[in-house]
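Trainee: I would like to learn how to read a protein model step by step. Could you take me through one, starting from a single residue and working outwards?

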Amino acid sequence: MKWMGAMIFAVLLVLWPERALQAAQRAMYTWVFSVAPVLFPFMAVVPALTAPDALKLYERAAGRIFSAVFGVPSSAGGAITTALMAGSPAGANALMRTMMQERYTHADAVRCAALVTGCSPIFLLSGVGSGMLSSQAAGIVLVCVQIGAVFFTGVFLRFWPLTKEKAPVPAASDARDPVQAVLNVCGSMVLFSVGMEFVTVPLKGALKTVILAAGEIALGMQAVREYPLPVLAAVAGFSGMCILWQNASCLRACGISFGVLLCIKFLHALFAFVLCGIWMHIAGSTPCFAGVGEVSFKSSVPYALLLMGISLAAGYKKAARRLLQSVKKVFLPSLWTGK
């Protein structure tokens, strides 16, 4: 099947070379000015941040905090710090290097993955806030919301039943050179950008917007820039299949499947949407968000809960079914009736 997909892609390149060229140029422009300058410095210092001496420092400095709040090993502090500053896949790469030094359980690996696969704050500040929305305040809100979404996802998984079996230890050959890793990000962005351009050629309206938002984050944020800010927060929380694919390629060696990461990103998107909706509901319409849009938070809560149920059912069907039944009995009647 892979060769068939590659053949179709090659034929499309021949049929629409101008579209492919323009899509590739947009992706490389975003990579040059918004991704590489932020990502490379952190990727270069990841080996030092995950060295044995550094792991011991994290254990002493933040061991109790990380263990109590998120239920993760304290040695994951370097990877979590890297992710908070540079986003992913830098955080995923740092986690993989950390797991080379220390044996984690599958539960530890999944919870850590939820904390290291967030969206890049610099991209949200400069690329989205200042660039697309012409509002630095909106960029700051998006960054705060993303950090909050990662936090609440980590807390949620802290109490979610996960298997305690040992996770595989990544081999040294799985680690990537910083320059190679950053170039791989560029290649993935170009590939997905061109692919999204071909897929959306015959499409219009909402369907085209949904596909762009789900495929690649830069294209997705551009497509929904006129939508309410919580929608942008959800798109940034999901971060697109392009980044998800890059994270999966790093964390596959850690025993974390693509499906698990997909569930995590759905949770990121859900919490980002709800947190941003709460913020907009409290802050109201202010001049700094002119042109960003408004949202009716109360009307969005049932749909957010439905999305949460779908994402949970995708990975944990039996437990999710019990949880959704409880939510339906206790919360949904009051939400729909407004009482």
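Trainee: Let me begin with one residue: in which helix does Met-28 lie?

Mentor: Before I answer, please keep in mind that this is a predicted model. Met-28 lies in helix 2, which covers residues 17-49.

Trainee: How exposed is Met-28, and how is that decided?

Mentor: The general idea is to compare the relative accessible area with two cut-offs, since buried means under 20%, exposed means over 50%, and partly exposed is what falls in between. Met-28 has a relative accessibility of 40%, and therefore it counts as partly exposed.

Trainee: Which residues does Met-28 touch, leaving aside those up to four places away in sequence?

Mentor: Met-28 touches Cys-186 and Val-190. Although Met-28 and Val-190 are 162 residues apart along the chain, their C-alpha atoms are separated by 6.6 Å. For the protein in general, among contacts with a separation of 6 or more, 76% join residues 24 or more positions apart.

Trainee: How many helices and strands are there in the protein?

Mentor: There are 17 helices and zero strands. Buried residues make up 50% of the 339 residues, while the accessible surface comes to about 16,300 Å², with 68% of it belonging to carbon and sulfur atoms.

Trainee: What can burial tell me about a helix such as helix 6?

Mentor: The general idea is to count how many of its residues are buried. In helix 6, residues 106-116, eleven of the eleven residues are buried, so this helix is largely enclosed by the rest of the structure. His-106 is one of the residues of helix 6, and because its relative accessible area is 17%, it is buried. Not counting residues up to four places away in sequence, His-106 touches Thr-163, Glu-165, Lys-166, Ala-167 and Gly-255.

Trainee: How many residues of helix 4 are buried?

Mentor: Seven of the ten residues of helix 4, which covers residues 77-86, are buried, so helix 4 too is largely enclosed by the rest of the structure. The buried residues include Gly-77, Ile-80 and Ala-83. Just after helix 4, Gly-87 takes a positive phi of about 75°.

Trainee: How many aromatic pairs does the structure hold, and how should I read one of them?

Mentor: The structure holds six aromatic pairs. To read one, you look at the distance between the ring centres and then at the angle between the planes, where under 30 degrees counts as stacked. The rings of Phe-156 and Trp-160 have their centres 5.4 Å apart and their planes at 20°, so this pair is stacked. Phe-156 is buried, with a relative accessible area of 18%, and Trp-160 is also buried, at 9% relative accessibility. Phe-156 and Trp-160 belong to one aromatic cluster, together with Phe-70, Phe-151, Phe-152 and Phe-271.

Trainee: What sits over the ring of Phe-159?

Mentor: The charged end of Arg-158 sits over that ring, 5.3 Å from its centre.

Trainee: Finally, which residues make the nonpolar surface patch of about 270 Å²?

Mentor: That patch is made by Val-11, Leu-15 and Trp-16. Leu-15 has its place in helix 1, residues 2-15, and with a relative accessible area of 54%, which is over the 50% cut-off, Leu-15 is exposed.

How values were computed:
Residues numbered from 1 in each chain as written. Predicted model: local features only at pLDDT ≥ 70, side-chain atom pairs only at ≥ 80, totals over all residues. Heavy atoms only, no water. Patch = residues over 30% accessible without salt bridge, like charges linked within 9 Å, V, L, I, M, F, W, Y side chains within 5 Å. Areas by Shrake-Rupley, 256 points an atom, 1.4 Å probe, with all protein chains shown as cover. Salt bridge = Lys/Arg side-chain N within 4 Å of Asp/Glu carboxyl O. Helix = DSSP H or I, 4+ residues; strand = E, 2+ residues; numbered from the N terminus. Buried < 20%, exposed > 50% of the residue type's maximum accessible area, 1.4 Å probe, protein only. Phe/Tyr/Trp six-rings, centres within 6.5 Å; stacked < 30°, edge-to-face > 60°. Lys NZ or Arg CZ within 6 Å of the ring centre and 35° of its normal. Contact = heavy atoms within 4.5 Å.
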